[in-house]
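Grab a coffee and work through a few short exercises on the structure below. Try each task yourself before you read its solution.

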Amino acid sequence: MSEVFDLYSPLIDADPFPYYAQLRDHHPCYWSPKAQIWILSRYEDISRAAQDWETYSSSQGNLIDEIPGRAGATLGTTDPPRHDRLRGLSQAAFMRRNLDSTIAPVLEIADRSIDAILQMRRFDFVEHYSSQITVGLLFRTLGLPMRDHNEIRRKVILAVSTDKETKGRTQEHLDAFAYISEFLTEEVTKRRAEPRDDLITHLAEAEIDGDRLSEREIVMTTATFVMAGVESLSSFMSIFALNLHDHADARRRLVADLSLIPSAIEESLRYNTSAQRFKRTLMKDVTLHGQTMKAGDKVILAYGSANRDERKFPNPDVYDINRKPQGHLGFGAGKHFCLGSQMARLVTEIASKRFLEKIPDFHLTSSDLKWNSSSNFRSPVELPFEIG
Ligand code: HEM
């Protein structure tokens, strides 16, 4: 049988949704011979699996093509009790920063970027807006010295990319992750010697019952924040802009009433998000839809497919900003529910509001969008827009 869902196909990077529908309807528990992994695609199965960490373990990594050294060292790649410890300490550090303190830097970067865009008129939303905001904000929050935003974004995208030919990571991908972790190790070492009021210092100082994060844990947690903040958030903001481009009625309604933005963001998290699929490893045999998955097998939870499951969301392929999609899995579920969800919602809201206020109308200058190659994430390489 030919591959129903080829993780390494550019067609899936560009538009996974028709393939998800095939899986949900005909192969809800699908064994991919090429990738040697199971794929779950229905909402109910994925939601249940995401809650059941004892069966569906993250301890061998949650990236489909895992980066060596990451499994067991980060929030997303551990199970309780280790996960609860890392999550508690990370949350304690995260909570020391008031979410409101995010607003001023986002507005400042947004205004500066929009001024530049108004001059250019033709611009790349990814390079000139979403990356500026997310890399700028993340670097300030973590207290990192400014580096070229695009360089950092390129490294992060490379670190989470997969190669079509080798069906995994190349040396270039591994070097990109090594670059990020070396840079962060230097910063963590400096911050331990000289504490400041930033998230890296707060991670180093976080303490619960005398327990603290080790230097390596701080580096890996910071790397997770950089990768999630840059890849998931900037790609989500870009896809949100694309959704508003493709659905002009929705965009006009938002421009007329900016208070509708949060519900449009929620619908975009359901409809078409950046974090499409994550991996688990089975701790025991599970039989689903007549298929037996064995202990030790790898399983993909295709959150992006669950969010388009007609068994859960009526007319799932319609982008409806009034929908209020309760229970969508755009941020996952269970123990590994996204730690940055509130921050991601807030940053997208502020940045989009500012953008639509100043640039209510924009159109794509190319109909041939290119998508990054990744087994987990979905992100446009660029979004070439023109004002008007
Ligand atoms: C719109 C943007 C974002 C999306 C769509 C997103 C999505 C997700 C998803 C689906 C997961 C679950 C992974 C799994 O099941 O294995 C997750 C986990 C996580 N996210 Fe996000 N994320 C976003 C932004 C952020 C930001 C800005 C941060 C922090 C700066 C962040 C930090 C994390 C962390 C630390 C985890 C792991 C949590 C755990 O395992 O306990 N995310 N995210």
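## Exercise 1: two helices that meet

Work out which residues bring H6 and H7 together, and how the two helices are oriented.

Start with the contacts: on the H6 side you'll find Glu127, Ser131, Gln132, Val135 and Gly136, and they meet His149, Asn150, Ile152 and Arg153 of H7. Sort those residues by class, and the contact comes out as 2 nonpolar, 5 polar and 2 charged.

Now the geometry, bearing in mind that this is a predicted model. H6 covers residues 125-142 and H7 covers residues 149-159; their axes are 9 Å apart and the packing angle is about 85°. Angles of 65 to 115 degrees count as roughly perpendicular, so that's the label for H6 against H7.

## Exercise 2: inside the core

Find the residues that touch the most other members of the largest nonpolar core, then follow one of them.

The core has 103 residues, and the best-connected ones are Leu40, Ile46, Val156, Leu301 and Ala302. Helix H10 (residues 215-246) supplies the largest share, 16 residues.

Let's follow Ile46. Leaving out residues up to four places away in sequence, its contacts are Leu40, Leu301, Ala302, Tyr303, Ala306 and Leu329.

## Exercise 3: strand partners

Trace the pairings of strand E5 (residues 278-282) with E3 and E8.

Take E3 (residues 56-57) to begin with: E3 and E5 run antiparallel over 2 bridges, and Tyr56 has Leu282 as its bridge partner. Next comes E8 (residues 298-301), also antiparallel to E5, over 4 bridges. Here Phe278 is bridged to Leu301, a residue you've already met in the core.

Note on methods
Residues are numbered from 1 along each chain as its sequence is written. This is a predicted model: local features need pLDDT of at least 70, side-chain atom pairs count only at pLDDT 80 or more; totals for chains, interfaces and linings use all residues. Axes are lines fitted to C-alpha atoms, for helices over the stretch in contact, and angles run from 0 to 180 degrees between N-to-C directions. Angles under 35 degrees count as roughly parallel, over 145 as roughly antiparallel, 65 to 115 as roughly perpendicular and the rest as oblique. Two residues are in contact if their C-beta atoms, placed from the backbone, lie within 7 Å. Ala, Val, Leu, Ile, Met, Phe, Trp, Tyr, Cys and Pro count as nonpolar, Asp, Glu, Lys and Arg as charged, and the others, Gly among them, as polar. A nonpolar core is a set of buried Ala, Val, Leu, Ile, Met, Phe, Trp, Tyr and Cys residues joined through C-beta atoms within 7 Å. A residue is buried if 20 or more other C-beta atoms lie within 10 Å of its own, exposed if 12 or fewer, and partly exposed in between; C-beta atoms are placed from the backbone. Two strands pair if DSSP finds at least two bridges between them.
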